[in-house]
Every structure is written in structure tokens, then in C-alpha cells.
Amino acid sequence: MKNSIKNAFKIAKKENRPAFISYTVCGDNTKDKSLQILNSISNDLDIAEWGIPHNCPTADGKDIQNSSYRALQNGIKLNDIFNLVKKFKKTKPSKPIILMGYYQIIFNYGERKFIQKCKASGVDGLIVVDLSFPDNKNFAKLCKKNSICFIQLIAPTTTIKRMKEIIKSSHEMIYMISTISTTGSALKYSIKRIIKNYNVIKKIKPSKNVVIGFGITEKTISSLRSADGLVVGSAICREITRSLKHRQNPVTNVSKLVRKLRNKII
Amino acid sequence: MGGETPFFKLENLTKHLGGAQIWCKDVSAINGDAHKAYHATVNALICKESGKRYIAGDTGAGMFGKNLAMAAKKMNLKCKIFMGTKDISRQAPNVKFMHDAGAEVVPVDSGSKTLVDAVSECMRHYVSNCDNTHLAVGSAIGCNIFLKICAWSTSQISRELKKQLIKEFGEIPKLKLINVIGGGSSALGFWNEFIDFDKKHVELIGVEAKYAAPLSTNAKVAILHGAAQYCLTDKEGQIAETHSLSAGLDYPGSSPLHGLLKDSGRARYTNASDKEALAAFKLITKLEDIRPSLEPAHAWSECIRLAPKLKKNDVLVVNNCGKGYKDKKIFIEQLGYYPK
């Protein structure tokens, strides 16, 4: 299962479509529910991304903030997350799973212990949104040693010089932030501009799998389908919020939404 | 900004406590009523110089917000101030001031509804608008450059104090410099010129609010708002909620620069409760003409604790870094009166 992220991209490429990546918050709204949601959508995903909730999520907009808040209110802890990953992997051993979080939670737990736990529970990749390059060099190395893909972020404001350095030290997957914003706002840049930025990255190193995330919704997803991968997060979290508000089952509603999103890019 | 802020001896308080000489560096006399005036002005200048038309800042007690609003108005910048809803209601006079100066006050209703959430929300706004907006972080916190902008701006306080001390004493006497610590911006400004002195010569004492006291209660290092710092957290590493009557001190983290001063042993940190700060305010305003806000009242509390244990030739200087009128309502609620 060592290269399952790489495989996911390979399969998508063979089918001439971008890899589809979901983002939900682990523990939203409860531990069981979040696992049920992930299980129910996993057949439509190429890669699953789970957020580690933090109560000071400075990169996140309202939707993911709400999800994180619900998860924390219902008592999720880091060890629960590892257990849930293990459970998920038991039923879907070949589906890659990425954890996304803030460095504080990892730092508090201890880097080595955290990575060991990730490895033991079957985590394939990590995004640490506020541990930027080059401060993440050692942590990324530690990930690689343990066969975990550390996913570097590239922002719209990243200079070409810095981009080259980041790409050089990146693993098999790179996350490109679509537009200057927190998660979940409307795209500030035109699709054309986003694709242009994407092509700049790809030109530097065509073999890297570059995914685009932030602000991708039902409306915008198909126009970005030339990318190696696309991440949808806030739109899904918003659906969970909506379902809970209307006392509907978030599991069925989220599956429907994810199916719709996927159909737009195949 | 009204020139040099005054430095004077508090004769009545010194006599009353019967120990060390007590001196006041009355930074609250500045145009803008607090040290935040320096920092807000410098941020507005940077914004102007970089060709940006918008400036965004966070505020707890409203002192930074008020000063940023003023500076922005003067320099023709559009200003947004992020403030927790709890702080908006308890620091109403400053909120009114911001509105009057033409700033937009953005209420932040997430989490504890105080400064920590206002800082997060302001950073989110900046991330989404960094092409036309300058981020003015309200204290010596956040990523590297922001705390430098802040601490170097407020250091005007210690540059003045050094001169004033030499004028009064003919030299830099053996000193204790007492300052309240929220994020830590006023203390860094008050101490800056004295950090290179031996601590037996110039002792630096920081006073936190009792239930927002990462430096004096052995909190762990945590990563918050883009920097490693001493910060109150729970076992899982989540940022803890704080409690202080003083909006400016109601913050779980502390400046990384204070972390450095703590680790190197250069400064020492203690704390004072709401009750102690109120008692200090009561005594100071009974004996002297100054009217500190709740924030420096914490520093005064430590001064009152310390002075009787010291000798006549010991010199205590307290940074009276904010004017009390913004807390008038709170003082009346808590003490039953606000002195004239």
C-alpha cells in the first residue's frame, strides 16, 4: 500500500480525469457519523482527506470552522482520530487517506509519536497547513522515512523562486491553493488565472501530482478538470451543517453531493 | 503624538507604602491614550508606503483599534477593526471612538468572543485580501515580522525613559521596571533600551492577569497565530479559554519575545487577579492624580506588593500604559464609583 497516493493519480490519469479528493472533519458531527460519511462516499473518491479539528483554525472559513467546532464539542481527541483511520482502512485498505491539521496539535503530541501513530493506523499523507516551507523540511523528511507523503502547499502569492524550492523538496503530491482566501470562499481569481498558475507549477516539474483546492464547488469543479486532482471541502462541510439544521441524515445527503461532484469531472 | 510622555515620582504613594521610591512613566498621556498609538501609527505608515489602501487590525481593549482608526483616518486609509463581541460590549467607549473615526468594526462572535478570536479573524481577512490590505497585528504577537513592527514601534517609550532617568538621577539608577503583560507590546517598548543591562542593575518584571497567565504559570510552548510561544492549552493542545476583567489581557498566548526573556532569565513574570488590580486602582486613584485603565492596574498591583519590601534608594518605575476612562463602566460596577 506504500504508493497508494501515487496509484490513485495513476488510475485517474488512465481514466482521463482528475483525482477526486474530499475533505471532511474527523469527528463531525460525531465520531461514528464522520466515519459513516467517509465510508459512504469512499467509492466515489480517489483520495480521502480528513481534518484534525483545532479550535483556532486560522486558515479556515466559516464552514470548516463550524465542522471543527461540532467535532470538538462532541469530544473528539487525536487518539480517536487514529482509531477511526484504522477502522476506515480495515474496510477500504487501498483507499488513500490524508490527514490535514494545524501544527500545534502535532507539536503538542510530539512529532515522532504523531508520525508513528499515523503509520500504524494507515495514514498515507499529511497536510500541515501552518507549517510552511522551509520550516517543514525536517518534518517532511521524517514523514518520508516512514513512507508518509508530506504534502507541500503552494499559494497564489508564492514566488517562482520559492515555488521551485518547494517543488524540489516535495513528495508525490502538491496542493495548490486556488485563490487568495481562507477555505470555502468564492473564487477571487478567474478560472483562466487559476489554470495559468497551475500550469506554472506543472511546467517546473511535470511529474508531480498537483491538486487544486479552496473554493471549489459544484459550479466550478468541471471547469478545473484539467488538473491532476481537485479537493472539495467546505462545500461538503456546508452540506453537513445544512443537513443537521434540517434534521436530515448527513450521510445520505453528503453521498448524493459527492456523487454529483464526481459526475461533473468524469 | 503630543511629544514625550511624562515621567514623575508618586510622592504620596511612595510615602504611603513606605519602601521603594515609586515613579510613573505615564504613557497614557500620549495622544491616543495608550502605547498602541506608536504601533498603530507605524503600521499606518507602512501601509501607506507599500501603496495599499486598506488596513486591518485586531483589538481587545479597543486601544489599538481606536489608535489604528485615528491613524488610518489621518492617512486616508480604509480601516477595518476586528473585535470580539464580548469586548465590543465591555469596551463601548473605544468602539464608539472607532466608529466616529470612520473605521468599520467587524464583530467576531466565534469561540470565546474575545481577542484570540479577533486576531484569528483578522488574519483570515488578511489572507483573503493581502493584495490590497496591510495587516496590523494589535500586539507583539503573530509571525516574526509583525511582532518586530510592534515592539520596535513601542520602544519609543524606553528611549524617552532612558533620557528622563538620566535627567532625574544623573545616571541609570538601580531599577525595577514593572509592566503589565497581555500580548506584551507595552512591556517590550518599556524594556527595549534596558534589555542589555545586567538584571541586578535593571530588573524587568512582567505582570499578567491571573487567569490569562501563560508566562507566570509555566504554560507549555504552543503554536498560535503563526508563532511558537508560551500559551495556555488543554491536554490535547487546543487553545484554552482565558478569563480576565480586562479585555486587553484576555489572551491565552504571549509574545515570543517574552518567551525569550523568560527562558533567558532576563525578565521575571508574575500575575495579579481582577480583585488585586481593582484594589490597586482604588489606592492609586485615592492618593494620586493618575487614572490607569484595568490593564496597567495589574502592574500597579505588583508595585504595591513589592514597594514596602524594598529600601528608600530602590527605584520602581511602572508603565502606566492606558487611560482608565474606557473602563469607567466596569469600575463603577465593581467598585461603585469612578474617581474624578
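In this predicted model, helix α2 of chain A (residues 31-41) has as its buried residues A:Lys31, A:Lys33, A:Ser34, A:Leu35, A:Ile37, A:Leu38 and A:Ile41. An α-helix has 3.6 residues a turn, so residues three or four places apart point the same way. The elements that cover the buried residues of α2(A) include two strands, β1 (19-25) and β2 (47-51), and two helices, α4 (78-91) and α11 (250-263), of chain A.

One of these covering helices, α11 of chain A, is where A:Pro250 is found. A:Pro250 has 23 other C-beta atoms within 10 Å; because 20 or more are needed for a residue to be called buried, A:Pro250 counts as buried. Leaving aside residues up to four places away in sequence, A:Pro250 touches A:Lys33, A:Ile37, A:Ile240, A:Ser243 and A:Leu244. Among these partners, A:Lys33 and A:Ile37 are also listed with the buried residues of α2(A). For A:Pro250 and A:Ala19, which are 231 residues apart along the chain, the C-alpha atoms are separated by 24 Å.

Stepping back to chain A as a whole, 11 helices and 9 strands are found. The radius of gyration of chain A is 17 Å, close to the 18 Å that the globule rule gives for 266 residues, so chain A is as compact as a globular protein of that length. A box of roughly 45 × 40 × 35 Å along the principal axes holds the C-alpha atoms of chain A. Of the 266 residues in chain A, 51% are buried. Among contacts in chain A with a separation of 6 or more, 72% come from residues 24 or more positions apart.

Chain A also meets chain B. The contact draws 20 residues from chain A and 20 residues from chain B. On the side of chain A that touches chain B, α3 (62-73) and α5 (103-109) of chain A each supply at least two residues. The most is given by α5(A), with 6 residues. Sorted by class, this side of chain A has 8 nonpolar, 10 polar and 2 charged residues.

Turning to chain B, the model shows 13 helices and 12 strands. The radius of gyration of chain B is 19 Å, close to the 20 Å that the globule rule gives for 340 residues, so chain B is as compact as a globular protein of that length. Along its principal axes, the C-alpha trace of chain B spans about 55 × 45 × 45 Å. Buried residues account for 60% of the 340 residues in chain B. Of the contacts in chain B between residues at least 6 apart in sequence, 75% join residues at least 24 apart.

Chain B is divided into domain 1 (7-31 + 154-335) and domain 2 (36-138). Between the C-alpha centres of domain 1 and domain 2 of chain B lie 24 Å. Contact between the two involves 21 residues of domain 1 of chain B and 18 residues of domain 2 of chain B. The side of domain 1 of chain B that touches domain 2 of chain B has, by class, 7 nonpolar, 10 polar and 4 charged residues.

Two open sheets of chain B can be described in turn. One has 6 strands in the order β1-β2-β12-β7-β8-β11 (chain B), with mixed pairing. Its edges are β1 (7-9) and β11 (267-272) of chain B, each with a single partner strand, so one side of each is left without a neighbour in the sheet. From one strand to the next, the twist averages 25°. At the β1 edge, β1(B) pairs with strand β2 (residues 21-25) of chain B in the antiparallel sense over 3 bridges. Within this pairing, B:Phe8 stands opposite B:Cys24 in β2(B).

The other open sheet has 4 strands in the order β5-β4-β3-β6 (chain B), and here the pairing is parallel. At the edges stand β5 (104-108) and β6 (133-136) of chain B, each with a single partner strand, so one side of each is left without a neighbour in the sheet. Neighbouring strands of this sheet are turned by 25° against each other on average, direction ignored. Strands β3 (residues 54-59) and β4 (residues 78-84) of chain B run parallel and are joined by 6 bridges. B:Gly57 has B:Ile81 as its bridge partner in β4(B). Helix α2 (residues 36-49) of chain B lies across β3 and β6 of chain B, and runs at about 160° to β6(B).

Technical notes:
Residues are numbered from 1 along each chain as its sequence is written. Chains are lettered from A and ligands numbered from 1 in the order in which they are written. This is a predicted model: local features need pLDDT of at least 70, side-chain atom pairs count only at pLDDT 80 or more; totals for chains, interfaces and linings use all residues. The radius of gyration is taken over C-alpha atoms; the globule rule is 2.2 Å times the number of residues to the power 0.38. A residue is buried if 20 or more other C-beta atoms lie within 10 Å of its own, exposed if 12 or fewer, and partly exposed in between; C-beta atoms are placed from the backbone. Two residues are in contact if their C-beta atoms, placed from the backbone, lie within 7 Å. Two strands pair if DSSP finds at least two bridges between them. Axes are lines fitted to C-alpha atoms, for helices over the stretch in contact, and angles run from 0 to 180 degrees between N-to-C directions. Domain bounds come from an automatic or database domain assignment. Ala, Val, Leu, Ile, Met, Phe, Trp, Tyr, Cys and Pro count as nonpolar, Asp, Glu, Lys and Arg as charged, and the others, Gly among them, as polar.
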